[in-house]
Amino acid sequence: MILKKGEIVLTLPNSNSLQNQVKNWLSSSVSGIAGALRIEPSDGIAIKFPLTPPYIVQNKWITGTVTEVVIFVGKIQAYNPTMLVFTKENNFVAVYIKGDTLKTFLKENNLYNSELYLGDTPLH
């Protein structure tokens with residue numbers, strides 16, 4: 001589900017490929033804990049991914065059975081791509097996600113916009 005300005009603008013099928021992409025992000029694309037209290041960018045997109053079945057993660061930043069993630073991508077350089085991770089244990093954590101793997105996903109799903117800031121990766 002893709003959100004812009006609080007409205008759903010696109011729904012993607014929750015395919016095995018999409019589930020595997022989210023699992024890959026959880027396992028190898030997290031770059032640290034998000035330190036900001038404001039998780040959502042003021043301008044950009046949010047992408048919500050329910051995990052079915054839930055996925056067990058245990059790494060440096062995330063521990064638990066992940067049931068859902070929401071990725072936020074903003075348009076300003078002060079906002080790095082952030083993934084809000086919800087677990088079955090009723091915990092959540094906000095982590096930064098590497099922009100290079102996210103950029104590939106955005107391009108494959110026709111969501112990429114050169115105005116989106118994807119961290120240290122070039123915008124074009």
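This report walks through the fold, the cores and one buried threonine of a predicted model.

## Ground rules

Residues are numbered from 1 along each chain as its sequence is written. Because the model is predicted, local features need pLDDT of at least 70 and side-chain atom pairs count only at pLDDT 80 or more, while totals for chains, interfaces and linings use all residues, and side-chain values use heavy atoms, with hydrogens and water left out.

## The overall fold

Starting at the N terminus, you'll meet the elements in the order β-β-α-β-β-β-β-β-α. That makes two helices and seven strands (DSSP runs: H or I of at least four residues for helices, E of at least two for strands, numbered from the N terminus).

Of the 124 residues, 41% are buried (under 20% relative accessible area, with a 1.4 Å probe and protein chains only). Among contacts (heavy atoms within 4.5 Å) with a separation of 6 or more, 57% are between residues 24 or more positions apart.

## The cores

The largest nonpolar core (buried Ala, Val, Leu, Ile, Met, Phe, Trp, Tyr and Cys residues joined through side-chain atoms within 4.5 Å) has 27 residues, and Leu 26, Met 83 and Phe 105 have the most contacts inside it. Elements giving it two or more residues include helix H1 (16–29) and helix H2 (99–108). Strand E4 hands over the largest share, five residues.

Apart from this core sits another, of seven residues, including Tyr 79 and Leu 84.

## A look at Thr 65

Thr 65 belongs to strand E5 (residues 63–74). Its relative accessible area is 15%, so Thr 65 counts as buried. Beyond its neighbours within four places in sequence, Thr 65 contacts residues including Pro 54, Ile 56, Phe 86 and Lys 88.

Technical notes:
Buried < 20%, exposed > 50% of the residue type's maximum accessible area, 1.4 Å probe, protein only.
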